[in-house]
Amino acid sequence: MTMSDGFYFYPGCSYETAAGYKESVDAVCSRLDIRLEEVPGWNCCGSTAGFSLQGDYGVYHPALVMARASRAGAKELVTGCNGCFNTLRKTRKLLLQDQDLYARTRDKILQEGGPDSAPQLPVRHLLQVLSSRGKMHKSPLSPDMSGLRVAAYYGCLFSRPWTDVDDPEHPQMLDRYIEGLGFTPVNYSLKTACCGAAHALAYREQTEMLVERIIRSMQDKQADLAAVICPLCQLNLESAQLSLGLPRLPVLFFTQVAGLALGVPKKELGLDKLLIEPGKI
Amino acid sequence: MRFLHSHKTLEPEHQETLSRSFFQGRAGKEVQHCIQCGTCSGSCPLAGEMDLGPRRVLDLLRDGFMEDVLRSRTIWLCVSCNACLTRCPRGIPVPDVMYVLRVMALEHGLACRGYKMPDVYQGFLRQGEKRGRVSESRLAAGYGLLHPSDMPGRLSLALRLLRRRRI
Ligand code: SF4
Ligand code: SF4
């Protein structure tokens, strides 16, 4: 995937400090010959804060991201964060259905010196891009890794309410991806249960209860590790296990899992940044 | 009927004005289609922590009890998980209803006492606007200054993240 394909990558604010996300995305993409071009001068999408304080006008920040991307020639955006994914897609939907909102948003972008280009683009998740590449691993997994049971965790906003992405209630894309890498996907019932998102900051006890159910559900089905597709899910799933003193289950980004299968050296995958060390691998 | 707030401060006319303005908006118009089936409350991961379930919020809105709704913890506890929106047989955008109510509650000084999410959201947006991007550690630090009692439990996490070069 290069610039000429019209894809641009929107990393979002949590990407770089996430536990080895950037490292593993870089490593996996370079081995698959995918070049991720960042949206030049990208800004924060505003997430739920924008909508919570500005209602529908919360579309301004994500629209500015898309206007900047279209000015650079983007036809489509790719992101690896469920929060950004939802905010950008929701913005596109609102702008396409509400002409008045569209006009006001565009005016505001121009007034603030932003680019005069389309503020809405189709948005894909990095998981969609990588899994559309088909089977990746060339050689069979090493004996210590084959047979690893991996629990795919989608969180809320990858498939809800986006029926065009996957089945909103029972998404399969990450399970199939994990299977394609040679691991064993785990069937458990809380794949799309909420991790508490940004509420973990202010309502820690309440959100840790949510994580406890998720982790226990994975462990009940003998998962060796969890694979996630969003920086905030990763942080919440990992940190609540420590503070609740649960039996530990490592939580890896799906690109770290892919890297392991592709034979990428572990130190290139940022595994040392995980709070729960993946002992088995 | 359980009334949440015995000390009403809004005059009936004021409630009516707020109600009218709510139902003129995009989300408000959709609320009129609610059939009170309760699928939203049954799907909500945080319903057990809320003073009103999402179904009840919509019910009170239609009956004009704006103040009860605007002062509720519910409108701030909603995590925008989209479970209700995905399952609602009427396709009602419940998270968007919560957003509209948040904006209204803050505008009229009615947000419930002890609410904390506005501080999270305001810190987030302010940082985004000032710096273009948001750093989680700076956000947590800013929040910690406003709510120091929430911080002790967070400190060990911060140290762990620091040790792994994640802050
Ligand atoms: S699921 Fe929809 S129709 Fe049913 S009570 Fe909730 S908002 Fe109303
Ligand atoms: S979006 Fe909000 S109200 Fe709806 S189920 Fe999720 S937390 Fe509950």
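For the residue classes used on this tour, Ala, Val, Leu, Ile, Met, Phe, Trp, Tyr, Cys and Pro count as nonpolar, Asp, Glu, Lys and Arg as charged, and the others, Gly among them, as polar. The model on screen is predicted.

**Stop 1: ligand 1**

Select ligand 1 and show the residues around it. The shell divides into 8 nonpolar, 3 polar and 1 charged residue. On chain B, pick out the cysteines B:Cys34, B:Cys37, B:Cys40 and B:Cys88, which are among the residues around ligand 1. Then add the others: B:Ile35, B:Gln36, B:Gly38, B:Thr39, B:Arg55, B:Leu58, B:Pro89 and B:Ile92. Colour helix H3 (39-43) and helix H4 (54-62) of chain B next, since each supplies at least two residues of this shell.

**Stop 2: ligand 2**

Move to ligand 2. Which cysteines are around ligand 2? They are B:Cys44, B:Cys78, B:Cys81 and B:Cys84. Also in the list are the prolines B:Pro45, B:Pro54 and B:Pro95, together with B:Val79, B:Ser80 and B:Asn82. By class, the shell around ligand 2 holds 8 nonpolar and 2 polar residues, with no charged ones.

**Stop 3: the two domains of chain B**

Staying on chain B, colour residues 12-107 as domain 1 and residues 117-163 as domain 2, following the domain assignment. Taken over C-alpha atoms, the centres of these two domains of chain B are separated by 28 Å.

**Stop 4: where chain A meets chain B**

Now show both chains. The contact involves 54 residues of chain A and 48 residues of chain B. About 4,500 Å² is buried between chain A and chain B, and carbon and sulfur atoms give 60% of that area.

How many salt bridges are counted between chain A and chain B? The count is 3. To see one of them, select B:Arg26 and A:Asp56, where the closest N and O atoms are 2.8 Å apart. Between the chains there are also 15 residue pairs in polar contact, both residues being at pLDDT 80 or more.

On the chain A side, select helix H2 (47-54), helix H4 (82-97), helix H8 (204-220) and helix H9 (231-244); these are the elements that give two or more residues to the side touching chain B. H2(A) gives the most, with 8 residues. By class, this side of chain A has 25 nonpolar, 19 polar and 10 charged residues.

**Stop 5: the two domains of chain A**

Hide chain B and colour chain A by its domain assignment: domain 1 is 6-127 and domain 2 is 139-262. Their C-alpha centres lie 24 Å apart. In the contact between them, 20 residues of domain 1 of chain A meet 24 residues of domain 2 of chain A. The two domains of chain A bury about 1,900 Å² between them, with 72% of it on carbon and sulfur atoms. Select A:Asn82, A:Arg89 and A:Leu127, which supply 36% of the area that domain 1 buries against domain 2, more than any other three residues.

Keep A:Arg89 selected and add A:Asp164: the pair forms a salt bridge, with the closest N and O atoms 2.5 Å apart. The count of salt bridges between these domains of chain A is 1. Across the same interface there are 6 residue pairs in polar contact, both residues being at pLDDT 80 or more.

Finish with the domain 1 side of this interface. Helix H1 (21-31), H4 and helix H6 (126-131) of chain A are the elements giving two or more residues to it, and H4(A) gives the most, with 7 residues. By class, this side of domain 1 of chain A has 9 nonpolar, 8 polar and 3 charged residues.

Notes:
Residues are numbered from 1 along each chain as its sequence is written. Chains are lettered from A and ligands numbered from 1 in the order in which they are written. This is a predicted model: local features need pLDDT of at least 70, side-chain atom pairs count only at pLDDT 80 or more; totals for chains, interfaces and linings use all residues. Side-chain values use heavy atoms; hydrogens and water are left out. A residue is near a molecule or strand if one of its heavy atoms lies within 4 Å of it. Contact means heavy atoms within 4.5 Å. Buried area is the accessible area (1.4 Å probe) that two parts lose on being put together, summed over both. A salt bridge is a side-chain nitrogen of Lys or Arg within 4 Å of a carboxyl oxygen of Asp or Glu. A polar contact is a pair of N or O atoms within 3.5 Å; within protein, one must be able to donate a hydrogen and the other to accept it, and residues adjacent in sequence count only if both atoms are side-chain atoms. Helices (H or I, at least four residues) and strands (E, at least two) are DSSP runs, numbered from the N terminus. Domain bounds come from an automatic or database domain assignment.
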